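Dear colleague,

I am handing over the structure we spoke about. Please look through it first; notes on what was found follow below.

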Amino acid sequence: MKKQLITILAIGLLSTVNCQLSTAQQPFRGAWIATVANIDWPSREAVGNDSLQQEEMCFLLDSLHAIGINAVIFQVRPTADALYRSHLEPWSHWLTGKQGKAPGYDPLEFVIAECHRRDMELHAWLNPYRVNLAASGIDYLAPTHVFRQHRDWFWRYGTQWYFNPALPQTREWICDVVYDILCHYDIDAIHMDDYFYPYPIANQPLPDAADFARDPRGFTDIRDWRRDNVNLAIQAISETIRRTKPFVQFGISPFGVYKDGSGLTNYHDLYADVLYWVEQGWIDYVLPQLYWHIGNTRADYATLAQWWANAVDSLSTINSQLSTKLYIGLAPYHLGGKNEPAAWREGNEIARQMRLNRTISTISGECFYSTRPLLRNPLHVCDSIKAIYHE
């Protein structure tokens, strides 16, 4: 770990423990606040305007709290940058319009305080490997960005750049980022979503054949080697959290299909062996993104929700010491879209899914992607959520 990072003060430990204990037993009622490309926050009008950013965030949190949300998953590292005072990576250009330019306040510190004041958990959401978006190029990267300092740690796939998952330097860097956040912020969880190895591009192989040939670590199948690369990263991050602040949760929100299916899967395409992480006890919750409707012919919500519940149940039966929680990611952004299937245009599919979740005892909560589409209240979904939470 980087020696310059400060040690954790005992008083900070105690305050976080007390906050964690007060919320741990509640049903999980979450919402993602995405910052990449200013999806949820800050709005493009608020980029570079600190007071407007804070006003917008308070509006979002007040609105979420009003419908019963008790956990916010806040994206603080979208493209190897920071929406907090990082000791390792530059300030995000999604905040100020220029990467490396500091805002007049610390957004993560502000959001933590505002969430905890409303008795809401704050989960710090990090994307581990992504450096840029497809449309953005890399010219905007600050001179202090790790890409500029260690070009050999990265490779390009399509129009995007990624940390090379095969390198131990990559794993160490990500752990250092996590450690930095843990040491300086009173967060309730570290969270990662579905972006591990990049989503596949037709007829374009991943550029890692030379890495595999140079250091296969005993693997004969490059696909198994890739999965092990991600396994090593997840294990290292988990150990960093356990060693630093063991009461902070570690959660993963994977793509909704694990291994079996006719389309894209975590295991075969993103090289994310999510159930292995559960089996090893490395993560505290798994939050699969089930962004399909009930009755979808290729990916039926009801079938997948039950599948994840059965899978987590089976692992818990094998090892009674496992305590990984299962939450489900829901997609209110589909509601009311004129090009959506009838299920999303008629009635309230989110309410149907929430009621189905309550018939499966292993499912301990849900999370909504993302905040702005949710708060537009399509088909009165916010009213439905509030009513269900008060039943």
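Which residues of helix α15 (residues 381-389) are buried? This is a predicted model, and in it the buried residues of α15 are Val-381, Cys-382, Ile-385, Ile-388 and Tyr-389. They lie on the same side of the helix, because the arc they cover around the axis is only 130 degrees. Among the elements that cover them are strands β1 (28-33) and β10 (363-368), together with helices α2 (50-67), α13 (349-357) and α14 (371-375).

On the interior: the largest nonpolar core holds 110 residues, and those touching the most other members are Phe-74, Ile-181, Ile-187, Ile-190 and Trp-277. Helix α11 (residues 301-318) gives this core its largest share, 8 residues. A second core, separate from that one, has 13 residues, including Ala-34, Ile-73, Trp-125 and Cys-367. As for Trp-277, its contacts beyond four places in sequence are Phe-196, Val-230, Asn-231, Ile-234, Ile-252, Ala-272, Trp-282 and Ile-283.

On the chain as a whole: there are 15 helices and 10 strands. The radius of gyration is 20 Å, close to the 21 Å that the globule rule gives for 391 residues, so the chain is as compact as a globular protein of that length. The C-alpha trace spans about 55 × 50 × 45 Å along its principal axes. Of the 391 residues, 58% count as buried. Among contacts with a separation of 6 or more, 70% join residues 24 or more positions apart. The exposed area is about 16200 Å², of which carbon and sulfur atoms supply 52%.

Regards

Notes. Residues are numbered from 1 along each chain as its sequence is written. This is a predicted model: local features need pLDDT of at least 70, side-chain atom pairs count only at pLDDT 80 or more; totals for chains, interfaces and linings use all residues. Side-chain values use heavy atoms; hydrogens and water are left out. Buried means under 20% relative accessible area, exposed over 50%, partly exposed in between (1.4 Å probe, protein chains only). Helices (H or I, at least four residues) and strands (E, at least two) are DSSP runs, numbered from the N terminus. The arc is that of the directions from the helix axis to the C-beta atoms. Contact means heavy atoms within 4.5 Å. A nonpolar core is a set of buried Ala, Val, Leu, Ile, Met, Phe, Trp, Tyr and Cys residues joined through side-chain atoms within 4.5 Å. The radius of gyration is taken over C-alpha atoms; the globule rule is 2.2 Å times the number of residues to the power 0.38. Accessible areas come from the Shrake-Rupley method with a 1.4 Å probe; for residues, only the protein chains shown count as cover.
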